[in-house]
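Visitor: I would like to understand how the words used for a protein model follow from the values behind them. Could you take me through this one step by step?

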Amino acid sequence: MSARAANTYRKVDLESAPKSQVLVRLFERFARDLDDARRAIAGKDIHAKAASLDHASQIVTELIAALDHAAAPELAKNLDALYRFVVARLAEANLGLSVGPLDQATRVMKELGAAFAQVEP
């Protein structure tokens, strides 16, 4: 399968998936990005570290943008604070080349991902 066909397939698959499944996939990808960033930091691969952390940050930024403050103000406010904490930890890990902040971000996102995984489509 060509790269273009694979990308088209992934796009259609993502667009047709239930929202709860999309969230689960985003949290799983975030975890993979942070695992990649840890390996890159350990191997002193600055470019791979930057790419992984950038992608993880994009995921969290999209999650922030998707919050519906009108529908659930308190929940949205709390999730916004958690997501912004995660973004700050990613920036700290990026600048300090340390995995400690990644561990903090992973814990938060793992718990949120587990909660979203329990939501019925």
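Guide: Gladly, and please keep in mind throughout that this is a predicted model. Let us begin where two helices meet, since α3 passes α4 in a left-handed crossing, and the axes of α3 (residues 46-65) and α4 (residues 73-96) come within 10 Å.

Visitor: Why are α3 and α4 called roughly antiparallel to each other?

Guide: The axes of α3 and α4 cross at roughly 170°, and angles over 145 degrees count as roughly antiparallel, so α3 and α4 are given that description.

Visitor: Which residues of α3 and α4 meet?

Guide: From α3 the contact takes Lys49, Leu53, Ala56, Ser57, Val60, Leu63 and Ile64, and these meet Asp80, Tyr83, Arg84, Val86, Val87, Leu90, Ala93 and Asn94 of α4. Sorted by class, the residues of this contact are ten nonpolar, two polar and three charged.

Visitor: How do the axes of α4 and α5 cross?

Guide: The axes of α4 and α5 come within 8 Å and cross at roughly 150°, and the crossing in which α4 passes α5 is left-handed. On the side of α4 the contact includes Leu79, Leu82, Phe85 and Arg89, while on the side of α5 it includes Pro101, Leu102, Val108 and Phe116. By class, this contact of α4 with α5 holds 14 nonpolar, one polar and two charged residues.

Visitor: What makes isoleucine 41 count as buried or exposed?

Guide: Isoleucine 41, which lies in helix α2 (residues 19-42), has a relative accessibility of 12%. Buried means under 20%, and therefore isoleucine 41 counts as buried.

Visitor: What does isoleucine 41 touch, apart from residues up to four places away in sequence?

Guide: Leaving those residues aside, isoleucine 41 touches Lys49, Ala93, Leu97, Ser98, Val99 and Leu102. As a further illustration of how the chain folds back, isoleucine 41 and glycine 96 are 55 residues apart in sequence, yet their C-alpha atoms are 9.9 Å apart in space.

Visitor: Where is lysine 44 found, and why does lysine 44 count as it does by accessibility?

Guide: Lysine 44 is found in the loop between α2 and α3. Its relative accessibility is 70%, and because exposed means over 50%, lysine 44 counts as exposed.

Visitor: What makes the phi of lysine 44 worth a remark?

Guide: The phi of lysine 44 is near 55°, a positive value in a residue other than glycine. Most residues other than glycine have a negative phi.

Visitor: What is the phi of leucine 97, and why is leucine 97 described as it is by accessibility?

Guide: Leucine 97 has a positive phi of about 50° although it is not a glycine, and leucine 97 is found in the loop between α4 and α5 (100-117). Its relative accessibility is 43%, and since partly exposed covers the range between 20% and 50%, leucine 97 counts as partly exposed.

Visitor: How many helices and strands are in the chain, and how much of the chain is buried?

Guide: The chain has five helices and zero strands, which gives the pattern α-α-α-α-α along the sequence. Of the 121 residues in the chain, 31% are buried. The chain exposes about 7900 Å², and carbon and sulfur atoms supply 58% of that area.

Methods:
Residues are numbered from 1 along each chain as its sequence is written. This is a predicted model: local features need pLDDT of at least 70, side-chain atom pairs count only at pLDDT 80 or more; totals for chains, interfaces and linings use all residues. Side-chain values use heavy atoms; hydrogens and water are left out. Axes are lines fitted to C-alpha atoms, for helices over the stretch in contact, and angles run from 0 to 180 degrees between N-to-C directions. Helices (H or I, at least four residues) and strands (E, at least two) are DSSP runs, numbered from the N terminus. Angles under 35 degrees count as roughly parallel, over 145 as roughly antiparallel, 65 to 115 as roughly perpendicular and the rest as oblique. A crossing is left-handed if the near helix is turned anticlockwise from the far one by less than a right angle, and right-handed if clockwise. Contact means heavy atoms within 4.5 Å. Ala, Val, Leu, Ile, Met, Phe, Trp, Tyr, Cys and Pro count as nonpolar, Asp, Glu, Lys and Arg as charged, and the others, Gly among them, as polar. Buried means under 20% relative accessible area, exposed over 50%, partly exposed in between (1.4 Å probe, protein chains only). Accessible areas come from the Shrake-Rupley method with a 1.4 Å probe; for residues, only the protein chains shown count as cover.
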